[in-house]
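Grab a pencil and get the viewer ready. Try each exercise yourself before you read its solution.

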Amino acid sequence: MVLNDRVLNPQLGRIVRTLGFDRQWVAGEGAHLIDDRGDRYLDLLCGYGVFAVGRNHPDVIAALEDVMAARTPNLPQLGVTLLAGVLAEALVERAPASIGAMVPANSGTEAVEAAIKLSRATTGRDRILFAEHAFHGLTLGSLSLNGNKEFRDGFGPLLADCRAVPFGDLDALERELAGGGVAALIVEPVQGKGVNLAPAGYLRGAQERCHAAGALLVCDEVQTGIGRTGRLFALEHWDVEPDMITVAKALSGGFVPIGGVLVSRHVMGRVFDGMERGVRHGSTFGTNDLAAAAGLATLRVLEREGLVEHAARMGELLLELTRPLVDRYEIVREVRGLGLMWAIELGRPGGAASRSLFKAVERAQPGLIAQLVTVPLFHEHRILCQVAGHGMNVVKALPALVVEEAEIRRFAAALEEVVAAAERLPSAMASFGWRMARQSVAARR
């Protein structure tokens, strides 16, 4: 923490200390983080969804060790090597029939940047559509597609010709397409900020309308992909065949930066349409052997251990255990999710005193009520989770796909306990305030 405050991001340190999340983590194993006292915490943050196969999976470690021991001829640049091609082939084989190739990258935001470029080059058009409340990354092009101003403010001017449309609204999409010049709609099948699911028929309808207008459909599966929602790609739930799919995060098992854009043969042929254009887009480390080996090992683990199917079953169990909270507690507005991408949304509780306090807290700090769930879960139950977005009272969980049924049940029981306490809003806020005050004093020592 001293090093973080001195040479990294001191404001992150302040946040972590204020919440009391400043543990000294010494190990990670499966679905858990372990601190220096040996206490195990159920990790429902999961590195923002990176550790789908669990932390430090031995098979992915073994694959990385094999590559390093082999002293492979990595990254010749003016030349090709084996492993990147094998990974691309494996992903293309598992993708919808519309996909025929991969353009490698190193991260989710870099994959989205590539998708913007490829969309414009393929169509000869400039306009990019994205959904309100979307999150696509924090580099400048990806930031231009983010639907929440807290990330965008202060970094303008952003990429021109990017326009938001309401998520799930086909009529609004059709109106924007009718204006002409649209290269692509880039959309998450399940929005990471808030865990908002695409309505039935929306993605398929978006695909049809985009293609009718000569535009492309890009599905951002950086967080939803690689088994997270109970299918390898979330778009499979809606039978969609997009022109591009962005992937990253969980693909390397959490060990190596990785990313890529799965693209149609049409896109590939339009972008790389001659020798003089053969290197018009690329990434120095995009085809590196360590990332490719980790990606291949992750796919093997998913299939051998049946983790995609396990994610579907555990997700159904989690919804079964937590949806009744909507009827039991006035403060719970909705429980939603798909596979092991889950959220609970909190709203105004009953009682005049509680409603008045809720309004006052929301005016002072929107989204603070959600911390009445996340903070007690951490301190009283050793469960790490996150608020699903700035200024929203939505708590999100992204368990590792290896999470056991007993841990799902433990989380559901702990959640009900903290929700019941949060329902008594005046006393819950008093307890929270005292805790934060103690943490603030301890942080200054």
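**Exercise 1: a pair of helices**

Helix H9 crosses helix H10 in a right-handed way. Keep in mind that you're looking at a predicted model. Your task: work out how H9 is oriented relative to H10, roughly parallel or roughly antiparallel, and find which residues meet.

*Solution.*
- Step 1: find the helices. H9 covers residues 170-178 and H10 covers residues 202-212.
- Step 2: get the geometry. Their axes are 10 Å apart and the packing angle is about 15°.
- Step 3: apply the cut-off. Angles under 35 degrees count as roughly parallel, so H9 is roughly parallel to H10.
- Step 4: list the contacts. From H9, Leu170, Leu173, Glu174 and Leu177 meet Tyr202, Gly205, Ala206, Arg209 and Cys210 of H10.
- Step 5: sort them by class. The H9–H10 contact has 6 nonpolar, 1 polar and 2 charged residues.

**Exercise 2: another pair**

Now do the same for helices H4 and H12: at what angle do they pack, and what does that make H4 relative to H12?

*Solution.*
- Step 1: H4 spans residues 58-70, H12 spans residues 289-304, and their axes lie 8 Å apart at an angle of about 150°.
- Step 2: angles over 145 degrees count as roughly antiparallel, so that's how H4 runs relative to H12.
- Step 3: check the handedness. The crossing of H4 past H12 is right-handed.
- Step 4: look at who's touching. Residues of H4 including Val60, Leu64 and Met68 meet residues of H12, among them Leu290, Ala297 and Val301.
- Step 5: by class, you get 10 nonpolar, 1 polar and 4 charged residues in the contact of H4 with H12.

**Exercise 3: into the core**

Which residues touch the most other members of the largest nonpolar core?

*Solution.*
- Step 1: this core has 117 residues, and the ones to pick are Leu185, Ile344, Phe411 and Leu415.
- Step 2: zoom in on Leu185. Leaving out residues up to four places away in sequence, its contacts include Leu173, Tyr202, Ala206 and Cys210. You met those names in Exercise 1.

**Exercise 4: backbone oddities**

Most residues other than glycine have a negative phi, and most peptide bonds are trans. Your task: say where Cys46, Leu75 and Pro157 sit, and what's unusual there.

*Solution.*
- Step 1: Cys46, in helix H3 (residues 46-49), has a positive phi of about 60°. Its relative accessibility is 1% and buried means under 20%, so Cys46 counts as buried.
- Step 2: Leu75 lies in the loop between H4 and helix H5 (82-94), with a positive phi near 50°.
- Step 3: Pro157 is in the loop between helix H8 (149-152) and strand E6 (162-165). A cis peptide bond, with omega about 0°, links Gly156 to Pro157.

Definitions and conventions. Residues are numbered from 1 along each chain as its sequence is written. This is a predicted model: local features need pLDDT of at least 70, side-chain atom pairs count only at pLDDT 80 or more; totals for chains, interfaces and linings use all residues. Side-chain values use heavy atoms; hydrogens and water are left out. A nonpolar core is a set of buried Ala, Val, Leu, Ile, Met, Phe, Trp, Tyr and Cys residues joined through side-chain atoms within 4.5 Å. Buried means under 20% relative accessible area, exposed over 50%, partly exposed in between (1.4 Å probe, protein chains only). Contact means heavy atoms within 4.5 Å. Axes are lines fitted to C-alpha atoms, for helices over the stretch in contact, and angles run from 0 to 180 degrees between N-to-C directions. Helices (H or I, at least four residues) and strands (E, at least two) are DSSP runs, numbered from the N terminus. Angles under 35 degrees count as roughly parallel, over 145 as roughly antiparallel, 65 to 115 as roughly perpendicular and the rest as oblique. A crossing is left-handed if the near helix is turned anticlockwise from the far one by less than a right angle, and right-handed if clockwise. Ala, Val, Leu, Ile, Met, Phe, Trp, Tyr, Cys and Pro count as nonpolar, Asp, Glu, Lys and Arg as charged, and the others, Gly among them, as polar.
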